[in-house]
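Trainee: I'm new to this one and would like some help finding my way around. Could we look at it together?
Mentor: Sure, bring it up and ask away.

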Amino acid sequence: MTAKPAMLPAMFPLGQPAFVSHALDRAAHLRTDPERLMAMEDDPRARAYVVHRDSMILAREGDALRPRLKLDEARRLGANPGTVFLGLRDGAPVFGMGIAADAVEALLARADVMVGNIRALVTEGALAVEDLSAIAVAKSLVGWHQRHGFCANCGARTRLSQAGWRRDCASCNAEHFPRTDPVVIMMVTDGERCLLGRQPHFAPGMWSCLAGFVEAAETIEDAVRREVLEETGVRCTDVSYTMTQPWPYPSSMMIGCAARALSAEIVVDRNELEDARWFDRAEVALMLKRQHPDGLSGPHPFAVAHHLLGRWVAQAGAEAVAATAG
Ligand SMILES: [Zn+2]
């Protein structure tokens with residue numbers, strides 16, 4: 001048997017999925033200071049993350065990859081100048097930049113540069129944890145600018161303002177702000193069992209928590225109860241908040257919750273899920289460690305679902321210790 005060891009436990013310890021550990025001071029007061037912004041672009045300590053859709057551009061130095069490029073280095077590769085001011089890192093300005101598809105194409109052949117899929121880089125541990133939050137901001141905002149060139153109110157062309165944190169329409173004066181889309185993701189339990197689902201695009205054998213977008217004028221609690229009922233027919237109650245994770249695909253906020261099931265029978269909505277079923281706690285523990293005898297696995301430690309499941313598994317350990325001590 002060739003059970004793989006738990007992946008990257010040191011990189012994403014329990015409670016800290018990807019994109020949550022930030023090294024940036026967002027320094028929002030500087031977004032409205034054009035003189036300081038220009039000076040920061042000329043600062044020799046300034047660095048940029050260059051992103052294109054789900055990928056980013058990294059400098060390759062021997063075996064090492066460097067995600068933060070000098071601004072002139074980024075421009076020489078074809079990145080647009082100072083698109084978004086992300087903030088300050090140890091006092092040095094950090095920017096997010098987009099790059100055109102044909103410029104990316106030209107980089108593919110170069111030995112000193114790598115065009116890497118961000119998600120793959122994260123799961124392979126090729127990026128430092130403290131870079132991930134800033135990369136998520138860059139990815140989310142650069143993508144937003146690329147998709148919002150025209151005013152949703154009047155259709156005229158919009159322009160970037162507030163150092164990349166707003167787009168303005170000169171025709172109707174509308175101000176457009178980047179959106180964050182709330183998604184609930186929930187640990188539904190029934191005593192020693194929890195409810196997990198499989199989406200068709202998941203890797204074979206992988207199961208995860210149910211999730212879905214919060215709808216207009218809906219509470220987080222209602223969204224959890226509705227999504228679980230729609231996808232599996234299970235009714236639940238006692239919804240509580242656990243933790244959040246920014247998810248820049250393209251700009252979601254994963255709101256990790258817990259809920260208690262009131263019913264057990266599962267009726268899977270096959271339009272949403274490939275399958276759903278109950279798993280006992282011992283089974284989930286093996287899935288997270290990738291030691292399940294049938295090869296089943298849980299979500300990767302970079303995703304919040306891994307941490308929701310991990311906490312639930314750890315809780316049993318704590319309860320057992322408490323019971324023994326009692
Ligand atoms: Zn307009």
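Trainee: Let me start with one residue: is Ala-163 buried or exposed?

Mentor: The general idea is a neighbour count: a residue is buried if 20 or more other C-beta atoms lie within 10 Å of its own, exposed if 12 or fewer, and partly exposed in between, with C-beta atoms placed from the backbone. With 23 C-beta neighbours inside 10 Å, Ala-163 counts as buried. Its phi is near 55 degrees, a positive value in a residue other than glycine. Before we go on, remember that this is a predicted model, where local features need pLDDT of at least 70, side-chain atom pairs count only at pLDDT 80 or more, and totals for chains, interfaces and linings use all residues. Residues are numbered from 1 along each chain as its sequence is written.

Trainee: And how confident is the predictor, what does the chain average in pLDDT?

Mentor: pLDDT is the predictor's confidence in each residue, from 0 to 100. Here the chain averages 93, and 96% of the residues score at least 70. Over residues 1-8, though, the pLDDT is below 50. Where pLDDT is low, the predicted coordinates should not be read in detail.

Trainee: Which loop holds Ala-163?

Mentor: Helices (H or I, at least four residues) and strands (E, at least two) are DSSP runs, numbered from the N terminus. Ala-163 is found in the loop between E8 and E9.

Trainee: In what order do the strands of that open sheet come?

Mentor: Strands of a sheet pair through backbone hydrogen bonds, either parallel or antiparallel. We count two strands as paired if DSSP finds at least two bridges between them. In this sheet, 3 strands come in the order E8-E9-E10, with antiparallel pairing. Strand E8 (158-161) and strand E10 (175-176) are the edges, each pairing on one side only. E9 (residues 166-169) and E10 are joined by 2 bridges, and Arg-167 has His-176 in E10 as its bridge partner.

Trainee: Which strand does E2 join through 5 bridges?

Mentor: That's strand E7 (residues 113-117), which runs antiparallel to E2; Leu-58 has Met-114 in E7 as its bridge partner. E2 (residues 55-61) also pairs with strand E1 (residues 47-52), antiparallel over 3 bridges, and here Val-50 is matched with Ile-57 in E2. Then there is strand E3 (residues 64-66), antiparallel to E2 over 3 bridges, where Arg-60 has Leu-65 in E3 as its partner.

Trainee: Which residue takes a positive phi in the hairpin of E1 and E2?

Mentor: Arg-53, with phi near 50 degrees, in a hairpin that has 2 residues between the strands. In the hairpin of E2 and E3, again with 2 residues between the strands, Gly-62 takes a positive phi near 65 degrees. Asp-90 also has a positive phi, about 50 degrees, although it is not a glycine. You'll find Asp-90 in the loop between strand E5 (84-89) and strand E6 (92-98), and this residue is exposed, with 9 other C-beta atoms within 10 Å.

Trainee: How many residues does the largest nonpolar core have?

Mentor: A nonpolar core is a set of buried Ala, Val, Leu, Ile, Met, Phe, Trp, Tyr and Cys residues joined through C-beta atoms within 7 Å. The largest one has 78 residues, and those with the most contacts inside it include Val-50, Ala-138 and Cys-209. Helix H5 (residues 129-147) gives the most to this core, with 9 residues. The core draws at least three residues from each of domain 1 (28-147) and domain 3 (181-325); those bounds come from an automatic or database domain assignment. Domain 2 covers 148-178, and the C-alpha centres of domain 2 and domain 3 lie 38 Å apart.

Trainee: Which residues of helix H7 are buried?

Mentor: In H7 (residues 281-288), they are Glu-283, Val-284, Ala-285, Met-287 and Leu-288. What covers them includes E12, E16 and helix H8 (304-325). Just after H7, Arg-290 takes a positive phi of about 60 degrees.

Trainee: Last one: which two residues does the cis peptide bond join?

Mentor: Tyr-249 and Pro-250, with omega about -5 degrees. Look for Pro-250 in the loop between E14 and E15.

Technical notes. Contact = placed C-beta atoms within 7 Å.
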